[in-house]
Amino acid sequence: MGGTLEYLSGLLGGSGGHGHGKMRRRKQLQTVELKVRMDCEGCELKVRSALSSMKGVESVEINRKQQKVTVVGFVEASKVLKKAQSTGKKSEIWPYVPYSLVSQPYVAGTYDKRAPPGYVRSAEPGYVLATTGQQQQQQAGRPHDHLTDMFNDENPNSCSVM
């Protein structure tokens, strides 16, 4: 009961009289996915041991064929990336999304022939990820709207060639 009262008084701004300073905020459990260049079991072992030694890491899963490392734990993505880079391997945050989430998967900035099967590169700023039904149709049409309005009579800035 005493812990509950201290918690509530901390929320309401009361000091509680117990001398507790600032309450430390706990990191949230999150999943960090990285693309790490690994060629052999030695590379995989080196990356696994480096990431497993980090404080707060719950599990490390490696898929060498996809060059994908998944770290689950109470960690920050930037720190996990730095630790992976400290092994000397080329590392970056996982740049791919499932094929089904992209509204236009064959656009120049999205399609990547080096992507694992079923994945494409994250969408470019002009192309929005597909969400739901009607919203998806509106977003998929946005990049081409300026092309259809270029020769529209109702557009005051349209081309007058026609």
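This is a guided tour of a predicted model, taken one selection at a time.

**Confidence**

Begin by colouring the chain by pLDDT: the protein averages 74, and 59% of the residues score at least 70. Then select residues 124-144, where the pLDDT is below 50, and where the model nevertheless places 21 contacts beyond near neighbours in sequence. The stops that follow lie elsewhere in the chain.

**From strand β1 to strand β3**

Select E33 and K68, whose side chains form a salt bridge with the closest N and O atoms 3.3 Å apart. E33 belongs to strand β1, residues 30-36, and K68 to strand β3, residues 68-73, so this pair ties together parts of the chain that are 35 residues apart in sequence. Which of the two partners is buried? K68 is the buried one, with a relative accessible area of 12%, while E33, with a relative accessible area of 30%, is partly exposed. The model contains four salt bridges by the rule applied here, and the next two stops take in others.

**R37 and D39**

Move next to R37 and select D39 with it; the two form a salt bridge in which the closest N and O atoms are 3.5 Å apart. Both R37 and D39 are exposed.

**Helix α2 and the loop after β2**

Now select R64 together with E44, whose side chains meet in a salt bridge at 3.3 Å, N to O. R64 sits in the loop between β2 (57-63) and β3, whereas E44 is in helix α2 (residues 41-52), and the pair thereby links distant parts of the chain, 20 residues apart. E44 is buried, with a relative accessible area of 17%, and R64, at 29% relative accessibility, counts as partly exposed. Add R48 to the selection, and the picture widens to a network of salt bridges that links E44, R48 and R64.

**Two cysteines without a bond**

Select C40 and C43 and display their sulfur atoms. How far is the sulfur of C40 from the closest cysteine sulfur? The distance is 3.5 Å, to C43, which is too far for a bond; a disulfide would need the two sulfur atoms within 2.5 Å. The count of disulfides in the model accordingly comes to zero. The two residues can also be compared by accessibility: C43, at 10% relative accessibility, counts as buried, and C40, at 35%, counts as partly exposed.

**The buried side of helix α3**

Proceed to helix α3, residues 77-85, and select V80, L81 and A84, which are buried. Looking along the helix axis, one finds that these residues cover an arc of only 100°, which puts them on the same side of α3. To see what covers the buried residues of α3, bring in further elements, including β1, α2, β3 and β4.

**S91 in strand β4**

Finish at S91, which is found in strand β4, residues 91-93. At 11% relative accessibility, S91 counts as buried. Leaving aside residues up to four places away in sequence, S91 touches K35, V36, L81, A84 and Q85; L81 and A84 are already familiar as buried residues of α3. Lastly, show the backbone of K89, whose oxygen lies 3.2 Å from a polar atom of the S91 side chain.

Terms used
Residues are numbered from 1 along each chain as its sequence is written. This is a predicted model: local features need pLDDT of at least 70, side-chain atom pairs count only at pLDDT 80 or more; totals for chains, interfaces and linings use all residues. Side-chain values use heavy atoms; hydrogens and water are left out. pLDDT is the predictor's confidence in each residue, from 0 to 100. Contact means heavy atoms within 4.5 Å. Helices (H or I, at least four residues) and strands (E, at least two) are DSSP runs, numbered from the N terminus. Buried means under 20% relative accessible area, exposed over 50%, partly exposed in between (1.4 Å probe, protein chains only). A polar contact is a pair of N or O atoms within 3.5 Å; within protein, one must be able to donate a hydrogen and the other to accept it, and residues adjacent in sequence count only if both atoms are side-chain atoms. The arc is that of the directions from the helix axis to the C-beta atoms.
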